Every structure is written in structure tokens, then in C-alpha cells.
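Subject: Structure for you to look through

Dear colleague,

Here is the structure I promised to pass on to you, together with its sequence. Please open it beside this message, and then read my notes on what was found in it.

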Amino acid sequence: MTIRRRDFLSLAGAAAFTGALPWPARGADSMYDLDRFGNARILHMTDTHAQLLPVYFREPSVNLGIGAMAGKPPHLVGRAFLDRFGIKPDSAEAHAFTFLDFEKSAARFGRLGGFAHLKTLIDRLRGEAGGGRSLLLDGGDLWQGSGLSNTMQGADMVEAANLLGIEAMTGHWEFTYGEKALRSNLARFKGEFLAQNVFLTEEAAFNDAKAFDPASGRVFKPATIKEIGDHRVGVIGQAFPYVPIAHPKRFTPDWTFGIRDDELQKLVDTLRSNDKVDAVVLLSHNGMDVDLKLASRVTGIDVILGGHTHDAVPQPIPVTNAGGTTLVTNAGSSGKFLGVLDLEIAKGKVADIRYRLLPVFSELLKPDPAMAALIGKMREPHAAAYAARLATSDRLLYRRGNFGGTVDQLICDALRGEFDAEVALSPGFRWGNSVLPGQPVTMEDVLSETAIAYPETYVLSMTGSQIKDILEDVCDNLFNADPYYQQGGDMVRVGGLAYACSPTEAAGRRISDLKLGDGRSLEAGKSYKVAGWASVNEQQGVPVWDVFAKHLRSGKMPAQRGSGVTLKGVDDNPGIAGQG
Amino acid sequence: MTKTNDRLALPRRVILQGVASVALVGLGKIASGAAPAFAAANDKYPEEAFKQKTVDDAIKLLYGKTAEKSDKVRLDAPEIAENGAVVPISASSTLDGVTSLAFLVAENPNALVASYRIPAGTMPSVANRIKMAKTSNVIVVVEAGGKLFSASKEVKVTVGGCGG
């Protein structure tokens, strides 16, 4: 792809980022020349989902906020997003942060992310900060999301993380490889794995299961203290709080999770009063809405570096609490972004802060040769299999969005076709790359949409009433007015089914007007043949990637247009710009 | 492990692990190592209270009065249950003169799940596991100085899956 250099240059002088914490003025020579500020620099990456190579990833056109969250970051899409953050339409940033003109802009600005490109950017930013004055943190979902990481159970990403220089991380999908693989990876990880909110179950503690701190039952080290210059920074890890609920509990039978505000508050207080840290940072995999609520309840945290919900938010959101103000960030997904937190730390406090979320444009960064070589070496045994061309896309393929995308339409079509099912269900994951129209769809693309530790397909007989209950249950995980009751993730995708959804309604009252593909109403008492994958219950079917690949080889593009969902009561919500 | 557990230095096995445990047991007695002693004969098993469907009816039969919300009653429960069949909850109170404590689940077939008598001089702090079929408010009622106080929290029971 030919990058048109002037597309980047044209915006450099004009990019007016407004708000409480303005994006710095940039020189015309590079997007990555940052004004020097402060005495400590923390770099934050999160939810890369094992994307070692640069990707296309379309941001959502539907990311609804409900109740107090309506219309507030991160629940803004398209033009509303650009307006809120002062981003120029048609700019490189507009492409990185929004779905607008995605196909056209993708051709202009190229792919984002890639670990060799990230490595170049990270080294440059750390070099500028000076020796001993920077930290590199990863917010989790580092080890899952590609065929390679799934085959190697994350071991590839540990190698990449070590070369990148990640000093501390927390986790989510990391847990789905199970304790043995997790511990084996952590034994080789040169950084620290932090999680204040993972404890042994009562039974596991009684049986003396392995724990970082048997007295408290904490399975992992909860926090670490890093010396930056003359100051001490406390970094606390917050793993995804709902691992045993969102994923099969068999992967983490001995561990119990949760948000654990009270334990977190004690930890912050101890770091401040006993360990005399000058700054406290929470490296969180809560998701942005949960982090915003947490920031209003827990005092003493300077900045929450957030992930999980894949929200690329250009500016931190300040939240006031009884002890002062906490800034909340979220750094997007798939390696597209790198958060740069520059701190002016004084004795016992953070005097000032600058934050930028830099899009990682692969066309603007020279790949680091050592990282490129490592990636090449690890991919080599699988390269031929991954390159297998299954189809050519006749449209933009993407997943991200509250209700559906073209990738999941294809997966649902595949499941219904393979198993002759009336209805298909596919999980609303927020990872999964985009494929431009006319591009080949390869086995690697298929795996980037499906590579999980529980890929088995299933076929079940469910009543109409059971199907509705599932939709209601997942919908509440997405739209509960209290973010502590949300799990993140998007709505389960449906094939062969259409329904109406009222996100602002109470739990159990959001889903209505369920109809089968042929227009017949779904009957509560009647049984239907349902196919799906990624069940939290153990299943025996063939892995979904085989079903998906077979369907693609047949050359069929989606039969159904749109997600099959009619939304109600969200007409004026700036978190929606068309169905999707 | 719970904070309650640490503070009272209870051996882990005395935590009542039974689902919907009915316990008219003095925790102080257990902590001191004495055999669990059931309360005196006049404190007979509140059979009728345990049969009630609603929270209000159960409280009425157990105590004969209504409870008011208090920030001196603390209820610890997960926002979302990892397993609805064994939901760990605990409660404590900073009120003086606590004589009993009860847990109720509004949406369970029978609302009252456990009732404890707290002997004088005992720290009013109880950990318990309860069974929940569906999302519900969980309520703890504390009797202190002859009056009733309560705290509640919604605990969500979900089919799970589909996480991002």
C-alpha cells in the first residue's frame, strides 16, 4: 500500500485537540514528536489481543451508553466522538479513533499497530524520557486473539513482551489457558503479573493451593513499587473481575475474582502511608464504565490506566471523589494505540499530568528489526497454513459494535449451514480484525476472529423462551445502568433471528418481537435447533474456525443484511450512528 | 477467605458451608473452642419464619417488627455471583448490643436463608454461603437494643459467557 505522506502532514498543524488536557502542538515532521513534560513517563498498552502484525480494525458505529453513561465518553461514535475530542474530520486521527469512511481511510492511512512498530515507538519514547525515568505497562489480553497465541497458549506473546520490555501486566484472557499454562508463561515473563482482585476460593485455601500471600489468599502479587528518578510510583494490578463468569469456570476452579473496592482501598492506603509512594496508578482490566465508577468510590489513585472495553479515548476523564480527583483512561485495542502518561511527580503527590493516546500508524514507523525477526521466527512453522486464502471479501468485514458486524453474520451463516440449525448464536467479542473489500480472507483472518481456548461448536434444542432469556441475560451484562453489574463484551450475535431491543429498559424487559428468518414469530413454548460456539459449558463439537473456514471456501457472503436488531428508545443517543 | 475469618481467627472449617444453613449458633462459642451450643429452650427454631415467601413476612414472623436501613450494618456480597449455588456473603455491624442477625434473599422461594443469635460480648460478624436461583436483593437484618436495622445489595445471577 502506498501511503500518501501529505495526508499526514496536512493535519499536523491544524489538529486542534481541545479539552481539559490538550493534545500538544506537533511539529510537521512527525506525529510522534511530543513536547517534553514532567519527570516520569508511563507507557500503557492494552488489549492487543496478540496482534503481532499491523491490522485493520474498524472502531464501532454503535457503542451505546445508558442512564448516567449516555452521551459520555466512551459512549460516543463517529462525528459525536470527533466533536467531543476536537479531532479534525478526514484526519489520520479520525481514522484511528472512529469508523468514519473506514474503507477509504484505511486505504489512505494503512494498517495500525504491530509489535515491531510498537517497539520502535516505545523505544523512542523511553529514550526521550531518559534512563530510569519510564515504565512500560500492559493492561492484559496480551496473550490471546491470534492462531499463533492460541496454539502456543500465549508463550509467543511472553517472548514479544520480554523483547518489548513490559515491566508489569495484569490479565483477562490470560486466565483462559488455565493455571498451569499461566504459571509456565509467568515463569518466563521478565516483568511482574499484578492482580489485587484474585483470591483463592475457601476450598483451595483450605487445601493449601499456591498463593502469593497465603494469609490474605491473594493468588498474585497485588502491586509493585517502581523507582522513577527520585520518586516512587505504586502500580496496582486489577485483573478482569468476572473471569469465572464470562468464561468456563473449569479454567480457574481455585480462584475467585470480583471488583473488590475495599481491598483496593486498603492497598492504596498502605502504599501511601506505609510505603510512602509519591504516585499511585491502577493498571486495570475492569472496563471503562467500571473504572469511572470505581474512581468515584476509591480515593488516592492518581490515574487509572484502563482496558477491557476496547475504548480508544484520546483524553483522560477526570472523576472527583472524597480524596480528590482520579483520571481515567482507556487505550483501545489490537495494538492500534499507545498511551503516553507524562507525570510531574513531587514529594508525595503528582503535581501535573499530560496524557496522549498515540495511534500506532505502521506506515509512519520503521519496524524494529529484532522484533520483526522474533515475530518471523515464531510464525514460520505456521506461515503456510495461515496464508491459505479461503475467499475474497466482497464487502468490509468487521466485528466491533454493540449488536453485530459482518464477520459475525458470516460465522452465524456458517453455523446454521453446517448444522442445519434454525438459529445461530455467536459471542459478542470486541476483538477480531477487519478485512477490506476485495482483500483475500485467509486462515489467519479466520483465527483472529475465533482463536479461543473453548472454540467447540454446539447444537442444542432450545425453546423460544430460553432463547429470549439468553438474549435478556447478555443484554443486561451490556446495558445494566450500574456498571458494576456489567461484564463488558457486546451483545450476542444472532443468525436466523431478528428482534427488537430497548437498551434503556430494565433487565428482562429489553428484548421483544423475536422473529425467525422467514418472518414467523418465535414461540415461547416451541423448541428450535440452535447452533453456537464459545459456550461456558463444556461442548464437543468441531472448533468453530473449521466451520467458518469451510463456509468461506464455499464462497458465500452474508445472506442477511444488517444485524437483525431493531433498536428502540435510543434515537438521540450519540453512541449510535446506524445499525451495526 | 473473608475478613471476618481473619479477625476472629476462626478455623476455616467452622465457616458454615452449608447452603442456606440454618444456624442458631453462637459464633463466640465456636471461636473460643467450646462445643457449639444451641440457644436455650425458649429460643425455639423459627420454623414458620423459614416457611415465608416474602422478606417482609419472614421478618415479621422472626421479629414481629420492621427494619430500617442503617449505614452501621455492613453487607459484603459480590455484584455478580460466580456460582449461584454457593454465593459467599458476610455481614457485620458497628451497632452496640447486637443480639441477632439474619440473611434474606427476596427472590428465593423462601426468603429467609439463615438466622443467627449473637451472644453478649461477641463481635457481630458472620460469613455464610447462600443459594440463589436468580438475580435478587440480598438483605441482612440486625437486631440491636431491641430495634431492627438492615442493609441490602443486589446480587446478579447470570448464565455467563460472551465476555469480551
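In strand β9(A), Val281(A) is the bridge partner of Val235(A), and this pair is a good place to begin, although you should keep in mind throughout that the model is a predicted one. The two strands concerned, β7(A) and β9(A), the latter covering residues 279–284, run parallel and are joined by six bridges. Strand β7 of chain A, residues 231–238, is mostly covered, since seven of its eight residues are buried.

On which strand does β7(A) find an antiparallel partner? That partner is β6 of chain A, residues 223–228, and the pairing extends over six bridges, with Ala223(A) standing opposite Ile236(A) of β7(A). The strands β6(A) and β7(A) form a hairpin with two residues between them, and in the turn Gly229(A) has a positive phi of about 60°.

Val281(A) appears again when one turns to the interior, for it is listed with Leu338(A) and Leu104(B) as the residues with the most contacts inside the largest nonpolar core, which has 216 residues. Helix α5 of chain A, residues 115–129, gives this core its largest share, seven residues. As a general point, nonpolar side chains in soluble globular proteins tend to be buried together. If you select Leu338(A) and leave aside residues up to four places away in sequence, you will find that it touches Leu43(A), Met45(A), Leu118(A), Leu121(A), Ile122(A), Leu358(A) and Val360(A).

Taken as a whole, chain A comes to 18 helices and 23 strands. Its radius of gyration is 23 Å, close to the 25 Å that the globule rule gives for 580 residues, and therefore chain A is as compact as a globular protein of that length. The C-alpha trace of chain A spans about 70 × 65 × 50 Å along its principal axes, and buried residues make up 59% of the chain's 580 residues. When only contacts between residues at least 6 apart in sequence are considered, 76% of those in chain A join residues at least 24 apart.

Chain A is divided into domain 1, which covers 5–55 + 111–375, and domain 2, which covers 387–567; the centres of these two domains, taken over C-alpha atoms, are separated by 30 Å. Where they meet, 27 residues of domain 1 of chain A are in contact with 18 residues of domain 2 of chain A. On the domain 1 side, the elements of chain A that give two or more residues are α6 (147–151), α10 (243–246) and α12 (288–297), and by class that side has nine nonpolar, 15 polar and three charged residues.

How many residues does each chain bring to the contact between chain A and chain B? Chain B gives 15 residues and chain A gives 31, and the side of chain B that touches chain A has six nonpolar, five polar and four charged residues.

Chain B also has an open sheet of five strands, in the order β1-β8-β7-β4-β5 and with mixed pairing. The edge strands of this sheet, each pairing on one side only, are β1 (68–69) and β5 (112–117) of chain B. Strand β4 of chain B, residues 98–105, runs antiparallel to β5(B) and is joined to it by five bridges, and Ala102(B) stands opposite Ser115(B) in β5(B).

With best wishes

Methods
Residues numbered from 1 in each chain as written. Chains lettered and ligands numbered in written order. Predicted model: local features only at pLDDT ≥ 70, side-chain atom pairs only at ≥ 80, totals over all residues. Helix = DSSP H or I, 4+ residues; strand = E, 2+ residues; numbered from the N terminus. Rg over C-alpha atoms; globule rule 2.2 N^0.38 Å. Buried ≥ 20, exposed ≤ 12 C-beta atoms within 10 Å, placed from the backbone. Contact = placed C-beta atoms within 7 Å. Domains from an automatic or database assignment. Nonpolar A, V, L, I, M, F, W, Y, C, P; charged D, E, K, R; others polar. Pairing = 2+ DSSP bridges. Core = buried A, V, L, I, M, F, W, Y, C linked by C-beta atoms within 7 Å.
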